[in-house]
Amino acid sequence: METGRPEDAYGQIQYRGLIAWPERLRREAPLLARVLAASPVKAILDLGCGTGEHTRFLQSLGYGATGVDASEAQIRAAREADAGSDGAKSRYVHGDLAAIGDLVPAGYGGAICLGNTLPHLTDLDALQRCFCGLASRLVPGAPFLLQLLNYDRILDRGERTFPLAIRPGEAEGEEIIFLRLMTPQADGALVFTPATLRYRPGQEPPLELISAQNVALRGWRRAELEGPLRAAGFEVREAFGTMTGDPWIPGASNLVLWVVRA
Ligand SMILES: C[S@@+](CC[C@H](N)C(=O)[O-])C[C@H]1O[C@@H](n2cnc3c(N)ncnc32)[C@H](O)[C@@H]1O
């Protein structure tokens, strides 16, 4: 099956409009503050920053924030949003997380990688290069907060979809529907198919496909991440099941790892 490159896939998805960002940032802020409070240097990397909402949020809290993303379209949107905002500016770097060790200078005091970004690294070699490269960019004691879907639950239960996200459209009565399908492959990979549909009540057909693509993912389980993190020089501090700090259990919605550069 053909899969889209990250830059193509995320260039097409109206990602920024599909997430209720103020609510999400409010929900996530306490855990981010708790973890990043221990940062020895107030400079944070946002890995897979997308359109830079977390990057700008951290910058607004007084950190020097650098967002890194493989999608040129996402980085462009992040820079545009930054240019239109008040206050200190974040920095954005275009590139692959597997090469993070070559993309930014050393000396960062912490890092985040949120919103199911890590599964875009689909093989162990890329994952190890990402963790080792990141460890080389962080000072000792730097925290790293990693959030992805809980693939222990998804794979064990054979889950194929997520709840639909529905947002108001531009025209009167229109709604934009974000549908996400996952198709496990025999080799352990997952094909993720995000699709955006327009619902036009009263018209035939009432649903119009705006975009759909295949993205290759790897549903990393907790045990598959903790070994490479330790091998790269991180200590696992705590595992949560949500971004509001609930403990991780096999049926949790998310896997959120708080690790620290030894
Ligand atoms: C689901 S979005 C998450 C964005 C944001 N961190 C959040 O929490 O909402 C995943 C992001 O990872 C980026 N990405 C995918 N593969 C990547 C890679 N190998 N290197 C850097 N960024 C990548 C995509 O372009 C996309 O912006």
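Gly64 is partly exposed, because 16 other C-beta atoms lie within 10 Å and a residue needs 20 or more to count as buried. The model that shows this is a predicted one. Gly64 belongs to strand β2. Its C-alpha sits 6.2 Å from that of Lys42, although the two residues are 22 apart in sequence.

The rest of β2 gives another picture. Of its 6 residues, 5 are buried, so the strand is largely enclosed by the rest of the structure. What does β2 pair with? One partner is β1, residues 43-47, which runs parallel to β2, residues 64-69, and is joined to it by 5 bridges. Leu47 has Val68 as its bridge partner in β2. The chain gets from β1 to β2 through helix α4, residues 53-60, in a right-handed β-α-β crossover. A further bridge matches Leu45 with Thr66 of β2.

Strand β3 is another partner of β2. The two pair in the parallel sense over 4 bridges. Here Gly67 meets Tyr92 of β3 as its bridge partner. Helix α5, residues 72-83, carries the chain from β2 to β3, and this β-α-β crossover is right-handed too.

Now step to β1. How many of its residues are buried? The count is 5 of 5, so β1 is largely enclosed by the rest of the structure. In a regular strand, side chains alternate between the two faces of the sheet. In β1, Ala43, Leu45 and Leu47 point one way. Ile44 and Asp46 point the other way, and all five are buried.

Strand β1 also pairs with β4, residues 110-113. The sense is parallel, and 3 bridges hold the pairing. Leu45 has Ala111 as its bridge partner in β4. Asp46 is matched with Ile112 of β4. Leu45 thus appears in two pairings, with Thr66 in β2 and with Ala111 in β4.

Both faces of β4 are covered. Gly110 and Ile112 lie on one side, Ala111 and Cys113 on the other, and all are buried. Beyond β4 comes β5, residues 143-149. These two strands run parallel and are joined by 3 bridges. Cys113 has Leu146 as its bridge partner in β5. With helix α7 between them, β4 and β5 make a right-handed β-α-β unit.

These strands belong to one sheet. It is open, has 7 strands and follows the order β3-β2-β1-β4-β5-β12-β11, with mixed pairing. Which strands form the edges? They are β3, residues 91-94, and β11, residues 234-240, each of which pairs on one side only. Neighbouring strands of this sheet are turned by 20 degrees against each other on average, direction ignored.

Two backbone details deserve a look. Most residues other than glycine have a negative phi, and most peptide bonds are trans. Asn116 departs from the phi rule. Its phi is near 60 degrees, a positive value in a residue other than glycine. Where does Asn116 lie? It sits in the loop between β4 and α7, residues 124-137. Asn116 counts as partly exposed, because it has 17 C-beta neighbours inside 10 Å.

The other detail is a cis peptide bond. It joins Glu204 and Pro205, with omega at about -10 degrees. Pro205 is found in the loop between β8, residues 189-199, and β9, residues 207-212.

The domain assignment divides the chain in two. Domain 1 is made of two segments, 6-152 and 219-261. Domain 2 covers 154-217. The C-alpha centres of domain 1 and domain 2 lie 24 Å apart.

Last comes the ligand. How many residues surround it? There are 17, and the closest are Gly48, Gly50, Ser71, Gly115 and His120. The shell divides into 7 nonpolar, 8 polar and 2 charged residues.

Technical notes
Residues numbered from 1 in each chain as written. Predicted model: local features only at pLDDT ≥ 70, side-chain atom pairs only at ≥ 80, totals over all residues. Near = placed C-beta within 6 Å. Nonpolar A, V, L, I, M, F, W, Y, C, P; charged D, E, K, R; others polar. Domains from an automatic or database assignment. Pairing = 2+ DSSP bridges. Axes fitted to C-alpha atoms, helices over the stretch in contact; angles between N-to-C directions. Buried ≥ 20, exposed ≤ 12 C-beta atoms within 10 Å, placed from the backbone. Right-handed = clockwise from strand over helix to strand, strands pointing away.
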